[in-house]
Amino acid sequence: MSESSDSPALTDPRLSALFQRTTGAAQQGGHCLQLLRDSSEHEAATLAMIARAERHIIVENYRICDDDWGRSLLTALCQRARDGLQVMVLADWLGSFNQLSRRWVRQLNDAGGEFRRFNTPGLGEPLAWMVRNHRKLMSIDGCEAIITGWCQSAQWRGHADQAPWRDTGVRVAGDVVINMEAAFAHTWQLTGSAWQPRSHPHCVNTPLPFTVKNANVRLITGRPQNSPLFRLDQLVINLAQTRVWITDAYPVGTPAYLDSLRQASKNGVDVRLLVPGSSDLPMIGLLARSSYRPLLLAGVRVFEWNGAMLHAKTAVADGCWSRIGSTNLNPASWLGNYELDLAIENADFAAVMESQFLDDLENATEIVLSDAERVKLVAPRRPTKRSLRHHHSSTTTLRVSRAMALAVRESRQLGPTDASLLGGLGLIGLVVAGVAIWQPEAIAWPVAVIAALLSVNLLRIARRRFADYRKNQQPKA
């Protein structure tokens, strides 16, 4: 890492092997970085990169929409495809469900580009939809890329009565882009044939300015049942000596993660967490605040964003380490999705990140404990209209599960927020029980169909694996 007087632990070069073992990623030096804020800066950087690409263009995103921005993106991609460049677009099926039209896809394919959807569900894989490609990557020529939490959608722009969504990304140039494109090649191959670039990268200096040059970075490649970012965050939090500032859109921290934050705060580290102020479902507000109390009691400062939506996934520690990417602080991102994040070990870039975090706090409300140790706002929140989409509902399920588990174990005293949440869940359970008694077939038929699909899928997988075993046992000629 770059030199910094704030944290000798994080800057000690002897820890490089530990960081590499934790993440599976070696440190790479000599990178140019530019912080991207919100939709306007992302859109401008995206179009500029597409315009100067020479060999290939990659767009991998959880959500791509056929809207004002999506059509601008399509026009730029189609033009470069007609110029003879390889243009590959990979969109997650669930994230882009009902957002991307056949006309959009057809126009890209007709221009010479190639479009694929990740993990489209089928009868043979009834549970495959649970694994998602949540990455947000755009790269050109193996030389330059954008890695971010921003989706390819005009919704991030906001509209007349709604402010733009708050999001963060980083534009990067250097050798790490080769690793990003290798990660893309893996998910691309999962949807069909493999991809190989037509030529080896030969990068030239880009005309756009960079915020920081000669930075050390690590690419954190998240895959299902693999949690490098979870391990890395735990390591950084435990090594931090002065401050850890985290911004996240859907935080559902595990007990181990939350305990790391609490222990760091108890040991004098300035731990701050910036999260959205509200969501499209009332239950989400209850679930989010259910984890505030133990954090606040340990001295962690929690802030809720007052704008339309906070969608960034970033962290900065001790003025020398930071990360930006697609991974949310919840089990779905840590263990269930394909994710991509960039860890940056550079004091100058960390200073930019800290400045942005402090600017964001100007539009946030701090949450504190009252004299009776109840969670409350420091000041009334400014009313803000919010409009969120269906794909955020998976977070609700995870938060419900965690709240129920904590309640059953009685691992902490339940506050009014938990009481309201658990009371609502209890009422839902009574309704389901009543329906089952009154109309048993209304419950039995869906359960039977789900059980049949799961059973058929298990038998199909067993048959395929047995066939693979028999094939491997055959003597080779």
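Here are three short exercises on this structure, each with a worked solution.

Before you start: this is a predicted model, where local features need pLDDT of at least 70, side-chain atom pairs count only at pLDDT 80 or more, and totals for chains, interfaces and linings use all residues. Residues are numbered from 1 along each chain as its sequence is written, and side-chain values use heavy atoms, with hydrogens and water left out.

**Exercise 1. Find out what lines the largest cavity, and which element gives the most to that lining.**

Step 1: get the term straight. A cavity is a set of points on a 1 Å grid over the protein atoms alone where a 1.4 Å probe fits but cannot get out, and lining residues have an atom within 4 Å of a point.

Step 2: count and size. There are 6 cavities of 30 Å³ or more, and the largest holds about 90 Å³; a volume here is the space filled by probe spheres set on the points, which are joined across faces, edges and corners.

Step 3: look at the wall. Among the lining residues are Arg166, Trp245, Thr314, Phe357 and Asp360. Two or more residues each come from β10 (243-247), β13 (314-317) and α12 (347-361). Helices (H or I, at least four residues) and strands (E, at least two) are DSSP runs, numbered from the N terminus.

Solution: α12 gives the most, with 4 residues.

**Exercise 2. Work out how strand β11 sits among its neighbours.**

Step 1: check its cover. In β11 (residues 270-276), 6 of the 7 residues are buried, meaning under 20% relative accessible area with a 1.4 Å probe, protein chains only.

Step 2: take one partner. β10 and β11 run parallel over 5 bridges (strands pair if DSSP finds at least two bridges between them), and isoleucine 246 has leucine 273 in β11 as its bridge partner.

Step 3: take the other. β11 also pairs with β12 (residues 301-305), again in the parallel sense over 5 bridges; here valine 275 stands opposite glutamate 304.

Solution: β11 pairs with β10 and with β12. In addition, β10, helix α8 (residues 255-266) and β11 make a right-handed β-α-β unit: with the strands pointing away from the viewer, the path from the first strand over the helix to the second runs clockwise.

**Exercise 3. How many disulfides are there?**

Step 1: apply the rule. A disulfide is a pair of cysteine sulfur atoms within 2.5 Å.

Step 2: try cysteine 65. Its nearest cysteine sulfur, that of cysteine 151, is 7.7 Å away.

Solution: the count is 0. As for cover, cysteine 65 counts as buried because its relative accessibility is 2%, and cysteine 78 does so at 5%.

Terms used: On a 1 Å grid over the protein atoms alone, a cavity is a set of points where a 1.4 Å probe fits but cannot get out, and a pocket is an open set with protein on both sides within 12 Å along at least five of seven lines; lining residues have an atom within 4 Å of a point. Buried means under 20% relative accessible area, exposed over 50%, partly exposed in between (1.4 Å probe, protein chains only).
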